[in-house]
Amino acid sequence: MKKRKPVIIGILKFLIVAAALANLAALFFFDYKIPDFGKSLKTSSVREEEKIPQDPSSDGYAIQVDSDSLTYDGTGTLDLLKGVSLTGPEGIVSDAEIFAHIKTGDSLKKKVIEYTADTEQGQVTASRSLILSRYSGPSIQLPDTLPQIGDDQLDSIMDVMPSDGSFHADDGYGNDITSSVKASYTADSSDSSVVHVIFTVTNSYNDTVSEAADLHMIHTKPFVILNESAVTVPLNSGFDPMSYVVFAEDVDGTSLISNLQVQGTVNTAAAGDYALTYQVTSSNGTVSDPKILKVTVQ
C-alpha cells in the first residue's frame, strides 16, 4: 500500500509555480509597457517646444535687411534703405522712420551702413556692408594761380576762389561737390603777406580729402591777423587775448601792436560764449577792419 504525500507539500508546490508564473507575467508586462511610456514622454516634450515662439521679432522691434551687403557703382541714386524694414511685435511692419549713416569700413571701397530707429521700446540698430565699385574717393583740384586776398577776406576765403572750374572738388564718382569745400588758415609767423590755407571736403560716403596752398595777402590799410577765429578754453583757466595776435601792422609793415585795442571780456570762471574785437589805428588815423575772436569757455 503506497503512502500518500502530505497535502502541505502539494500546496507549497502550487504556490511556488504560481509565484514563478506571476514573476514572468510581471517581467513581460513592464518590458512591453516601457517603450510606450518613453514614447509618450518624447511626444510631450516636442509639443512643449512647439509652444515657444521662434521669431525673435515677436518680442519687440527689429530692423530687418534682405541682404548682408549693398553694392553701388555710381550710376543712378544710392538708396541706403533698399531692402530694409522695421518690424514690430508679432512681426508686423512698422512705419517708424529708419535712419541710415555710412561709416568707414575695411577699405576705401568697403563701408558700413548703420541703421537706427526710435521705437516705443527704445532704439534698435542694425548694420550691413556697402560695396562701392568703380569708386576712386574724393579729390580737390586747385587752380594753377591762386587769388590774392585782403585781410578782410580771411574768414571768407571760399568766396574769392575762382568759379571757372579751375577750382574743383569731385566725390569719387564724377559728381561736383565744390560747394561743400571748407577752408581754414594759419597765418605765417614771419611774413604778414602769406597765409597757409587748408581746403577740405567730405563726400556722402564719409571720405575726406584735403589740399594745402599758400595765399598771398594785399594790405591796403592797417590790419590785424589772428592765429585763430574761434577757440575753446577750459573753465577756470588762464586767458591772454594778446596770445592770439600774429600781426598788427600798417601797410608799410610798421608794427602797430602798441596801438592795438581789444573790446570785450572773457570770464573763464563762467561757462559760456564770448567775443573779442581787435582793431588798430595807424599814425594817420586810419582804422583797421575789426577782427573777431569767438571764445567758448567750458
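**Exercise 1. Buried, partly exposed or exposed: how does S67 count, and what surrounds this residue?**

Step 1. S67 has a relative accessible area of 27%, so the residue is partly exposed. The scale calls a residue buried under 20% relative accessible area, exposed over 50% and partly exposed in between, using a 1.4 Å probe and protein chains only.

Before going on, a word on the model: it is predicted, so local features need pLDDT of at least 70 and side-chain atom pairs count only at pLDDT 80 or more, while totals for chains, interfaces and linings use all residues. Residues are numbered from 1 along each chain as its sequence is written, and side-chain values use heavy atoms, with hydrogens and water left out.

Step 2. Find S67 in the loop between β1 (62-65) and β2 (69-72). Strands here are DSSP runs of E with at least two residues, numbered from the N terminus.

Step 3. Look at the side-chain partners. S67 has a polar contact of 3.5 Å with the side chain of D66 and another of 3.3 Å with the side chain of R128. A polar contact is a pair of N or O atoms within 3.5 Å; within protein, one must be able to donate a hydrogen and the other to accept it, and residues adjacent in sequence count only if both atoms are side-chain atoms.

Step 4. Now compare sequence and space: S67 and S129 are 62 residues apart in sequence, and their C-alpha atoms are 9.3 Å apart.

**Exercise 2. Which strands does β7 pair with, and in what sense?**

Step 1. Start with β2, which runs parallel to β7 and is joined to it by four bridges. Two strands pair if DSSP finds at least two bridges between them. Within this pairing, T71 stands opposite I131 of β7.

Step 2. Turn to β6 (residues 110-119), which pairs with β7 in the antiparallel sense over 10 bridges. Here V112 has S129 of β7 as its bridge partner.

Step 3. Check the connection: β6 and β7 make a hairpin, with two residues between them.

**Exercise 3. How are the rings of Y135 and Y205 arranged, and which parts does the pair tie together?**

Step 1. Apply the ring rule: rings of Phe, Tyr and Trp (its six-membered ring) pair if their centres lie within 6.5 Å, with planes under 30 degrees apart counted as stacked, over 60 as edge-to-face and the rest as tilted. By this rule the count comes to six aromatic pairs.

Step 2. The ring centres of Y135 and Y205 are 5.4 Å apart and the planes stand at 75 degrees, so this pair is edge-to-face.

Step 3. Y135 sits in the loop between β7 (122-132) and β8 (139-141), and Y205 in the loop between β12 (194-202) and β13 (208-218), so the pair ties together parts that are 70 residues apart in sequence.

Step 4. Both tyrosines, Y135 and Y205, are buried. Ring pairs also link Y72, Y135, Y173 and Y205 into a cluster.

Step 5. Add D207, found in the loop between β12 and β13. Its relative accessible area is 9%, so D207 is buried. The side chain of D207 makes polar contacts with the side chains of Y135 (2.6 Å) and K111 (2.7 Å).

**Exercise 4. In what order do the four strands of the open sheet lie?**

Step 1. The order is β15-β19-β18-β17, and the pairing is mixed.

Step 2. At the edges are β15 (230-233) and β17 (261-263), each of which pairs on one side only.

Step 3. Follow β17 inwards: this strand pairs with β18 (residues 272-279) in the antiparallel sense over three bridges, and Q263 stands opposite T277 in β18.

**Exercise 5. Which residues line the largest cavity, and which strand gives the most to its lining?**

Step 1. A cavity, on a 1 Å grid over the protein atoms alone, is a set of points where a 1.4 Å probe fits but cannot get out; lining residues have an atom within 4 Å of a point. Grid points are joined across faces, edges and corners, and a volume is the space filled by probe spheres set on the points.

Step 2. A search of the whole structure gives one cavity of 30 Å³ or more. The largest cavity has a volume of about 60 Å³.

Step 3. Its lining consists of L154, D155, Y185, V224, I225, L226, E228, S229, K291 and I292.

Step 4. Both β14 (223-226) and β19 (291-297) supply at least two residues of this lining, and β14 gives the most, with three residues.

Conventions: On a 1 Å grid over the protein atoms alone, a cavity is a set of points where a 1.4 Å probe fits but cannot get out, and a pocket is an open set with protein on both sides within 12 Å along at least five of seven lines; lining residues have an atom within 4 Å of a point.
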